[in-house]
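Take a look at the model below. This report covers one helix and a few backbone angles.

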Amino acid sequence: MAREVDYEPRSVKRLLAEMKDIAELMIDLSYSAVLLDSDEVAEEVLQLESEMDVLQLRTHMSLLMASRTPDDAEALAPVLGIVGATEKVSDATGDIAKVVLEDIRLPDAIRAALPEAVETLVRARVDPDSRFVGETLGGLNLETETGVRTIAIRRAGEWILNPDRETQLEPADVVLFRGPDEGVAGVYQSTTGEAYLPPDPPEPHTPDLERAMDSVVLMKNMSELAVDLAYGAVLFDSEALAEEVLNLEAEVDALQSRFEAWTLRAAGRVEDPVSLRGLVHLARSTEVISDAALEISEGVLRGIASHPVIAEAVSESDEVLVRERIAAGGDLDGTTLGEAMVKTETGMRVIAVRRAGGERTTDERDDWVVSPGPNTELRAENVLLAKGPRTGADRLREACGETSNTQ
């Protein structure tokens with residue numbers, strides 16, 4: 001039975017921030033459910049989808065209460081667009097979770113193709129006798145000691161997204177850990193008192209199927225990046241970032257076409273063509289996520305000024321987006337992302353680098369290097385668009401130097 005939803009006088013800004021945080025967590029969890037073939041993780045996605053439905057209704061109610069004139073309606077229209085697009089992301093990730101829960105057939109080899117295969121996500125319930133009970137995440141220092149980070153905690157039906165160093169673990173908490181297999185195994189056992197059982201290794205697959213799965217992986221990466229850039233475009237009112245979202249959405253569409261061709265070819269070469277059905281569902285849902293990203297940034301593309309509440313919600317979500325300029329002589333000037341160990345040292349993931357005029361290379365689109373890697377060079381006056389916890393944003397600002405915090 002559907003949950004009854006009554007109007008609550010809640011801030012639209014806070015509701016939007018919650019929707020953004022939950023949507024991003026759902027993307028992570030849904031693909032992890034496929035990677036691990038985990039009904040438990042997939043169930044968490046559906047619980048979050050149910051929570052998202054409630055948040056969407058409450059946001060609509062709050063927006064209706066706030067709209068009293070035609071001018072109000074015009075100003076709030078982009079907010080409604082973002083609410084609808086975020087709900088679309090939620091629905092798509094729920095469909096990905098159902099591939100696991102409804103036993104829709106998937107090639108076993110998809111687990112090897114997904115990039116998260118190098119890092120495992122596991123759901124662990126804190127045993128009352130665990131040594132972790134009563135400890136803070138900062139005190140446990142799991143990421144430094146084991147490489148395992150805590151990405152979310154569900155406590156008494158409520159989610160703690162992006163928990164920080166002060167977050168304390170309590171008995172019966174459901175904790176989502178991510179990290180290398182060997183680290184996850186030890187943390188899981190310390191948390192639950194039970195041994196961790198990794199998924200079975202995948203079986204060999206045909207070249208056409210491999211190409212199809214590679215296409216899905218690229219679609220996933222591009223769709224996730226598009227969502228991040230879309231929120232960045234709204235936060236910074238950046239038409240250049242919105243254009244990048246448009247480019248990524250077009251690339252995902254092209255990959256979808258190639259995926260369909262390779263999947264049809266693979267169907268004639270695999271023993272059980274029905275096993276490809278789940279892969280088709282996965283690709284379709286992934287393409288929907290990229291469409292939703294474009295909808296988030298559509299107002300910027302059309303020259304419609306974002307309502308201030310949108311930027312405030314993005315900036316106040318549990319994971320923040322920041323834009324920082326590298327100062328001459330700063331710690332990052334003249335190094336690379338890998339050499340500076342930006343992710344390790346600051347906790348922030350750099351999702352794009354804007355070059356200063358005149359220093360672009362032929363393979364860089366416009367001024368932006370999108371989805372930079374460890375070999376991406378950093379120089380004075382480059383602008384970093386990064387995502388992560390608030391404490392990490394402060395560390396990144398220090399690494400960039402005195403003239404950072406650019407707008």
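## The buried side of H14

Helix H14 spans residues 390-400, in a model that is predicted. Its buried residues are Gly392, Ala393, Leu396, Ala399 and Cys400. They lie on the same side of H14, because they cover an arc of only 120° around the axis. An α-helix has 3.6 residues a turn, so residues three or four places apart point the same way.

What covers this buried set? The cover of the buried H14 residues includes strand E5 (320-325), H13 and E10.

## After the helix

Gly401 follows H14. The phi of Gly401 is positive, near 115°.

## Positive phi outside glycine

Most residues other than glycine have a negative phi. Two residues here are described with a positive one: Met341 and Glu381.

Met341 has a phi of about 50°. Where is Met341? The residue sits in the loop between helix H12 (337-340) and helix H13 (342-346). Met341 has a relative accessible area of 42%, so it counts as partly exposed. H13, on the far end of that loop, is among the elements that cover the buried residues of H14.

Glu381 has a phi near 80°. Its loop runs between strand E9 (377-378) and strand E10 (383-388). Is Glu381 buried or partly exposed? Its relative accessibility is 39%, so Glu381 is partly exposed. Strand E10, which borders this loop, is also part of the cover over the buried residues of H14.

Notes:
Residues are numbered from 1 along each chain as its sequence is written. This is a predicted model: local features need pLDDT of at least 70, side-chain atom pairs count only at pLDDT 80 or more; totals for chains, interfaces and linings use all residues. Side-chain values use heavy atoms; hydrogens and water are left out. Helices (H or I, at least four residues) and strands (E, at least two) are DSSP runs, numbered from the N terminus. Buried means under 20% relative accessible area, exposed over 50%, partly exposed in between (1.4 Å probe, protein chains only). The arc is that of the directions from the helix axis to the C-beta atoms. Contact means heavy atoms within 4.5 Å.
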